[in-house]
Amino acid sequence: PDMEVKKCNEQIKERKAVEMDKPKPVDDEDKPKPHISDKLQILQEEAESFQMLIVRQKEQLDEVHRILKKKEERVIELESTQGKLQMAITDKTSQLESMLETKEKRINEQELEIADNSSQLEE
């Protein structure tokens, strides 16, 4: 009989240990249920929060668009300036090449004159 009592006691202890590990069911009846107006209030607050977030993000997006527009305008200015500079460089290069050709012709003419004069002196 003592062995049977010990076995029963051990089984009882094991069952209690297992039940202690299990989560206890929550009685919905014990908890006060939130009123529909409370739920509505929470949803309205969340909606307002989302609206504020959307407004802030819209403002940030507008700022990004404004900055991009300024950058685009600056790029157009720089491209225009680059075009003008390129044309000026091309014009100046043409002028210099023309001047160089003219000077080369003069030098050739002077060399011919010198050669001609030298041959006349030799005679």
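This section describes the helices, salt bridges and surface patches of a predicted model.

The chain contains 2 helices and 0 strands. Helix 2 covers residues 36-122. Of the 123 residues in the chain, 0% are buried. The accessible surface of the chain amounts to about 12700 Å². Carbon and sulfur atoms account for 57% of that surface.

Side chains of opposite charge can pair when their charged atoms come close. A search of the whole structure returned 3 salt bridges. They are taken in turn below.

One salt bridge joins the side chains of Lys58 and Asp62, with an N to O distance of 2.9 Å. Both residues belong to helix 2. They sit 4 residues apart, about one turn of the helix. Lys58 has a relative accessibility of 48% and is classed as partly exposed. Asp62 is also partly exposed, at 39%. The class follows for Asp62 because its value of 39% falls between the limits of 20% for buried and 50% for exposed.

Another salt bridge links Arg66 to Glu63. The closest N and O atoms of this pair are 2.4 Å apart. Arg66 and Glu63 are both located in helix 2, with a spacing of 3 residues, again about one helical turn. Arg66 is partly exposed, with a relative accessible area of 40%. Glu63 has a value of 35% and is likewise partly exposed.

The remaining salt bridge is formed by Glu77 and Arg74. Here the closest N and O atoms lie 3.1 Å apart. The two residues are separated by about one helical turn, because Glu77 and Arg74 are 3 residues apart in helix 2. Glu77 is partly exposed, at 46% relative accessible area. Arg74 is partly exposed too, at 44%.

Surface patches were examined next. Phe50, Leu53 and Ile54 make up a nonpolar patch on the surface. Together these three side chains contribute about 300 Å² of accessible area. Leu53 is part of helix 2. Its relative accessibility is 34%, so Leu53 counts as partly exposed. Leu53 qualifies for a patch on accessibility because its 34% is over the 30% required of patch residues.

A patch of negative charge also occurs on the surface. Its residues are Glu109, Glu113, Asp116, Glu122 and Glu123. Asp116 is placed in helix 2. With a relative accessible area of 40%, Asp116 is partly exposed. Asp116 meets the accessibility requirement for a patch because 40% is over the cut-off of 30%.

In summary, the predicted model has 2 helices and 0 strands, and buried residues make up 0% of the chain. Helix 2 holds the pairs Lys58 and Asp62, Arg66 and Glu63, and Glu77 and Arg74. The surface carries a nonpolar patch that includes Leu53 and a negative patch that includes Asp116.

How values were computed:
Residues numbered from 1 in each chain as written. Predicted model: local features only at pLDDT ≥ 70, side-chain atom pairs only at ≥ 80, totals over all residues. Heavy atoms only, no water. Patch = residues over 30% accessible without salt bridge, like charges linked within 9 Å, V, L, I, M, F, W, Y side chains within 5 Å. Areas by Shrake-Rupley, 256 points an atom, 1.4 Å probe, with all protein chains shown as cover. Salt bridge = Lys/Arg side-chain N within 4 Å of Asp/Glu carboxyl O. Lys, Arg positive; Asp, Glu negative; His and termini not counted. Charge placed at Lys NZ, Arg CZ, Asp CG, Glu CD. Buried < 20%, exposed > 50% of the residue type's maximum accessible area, 1.4 Å probe, protein only.
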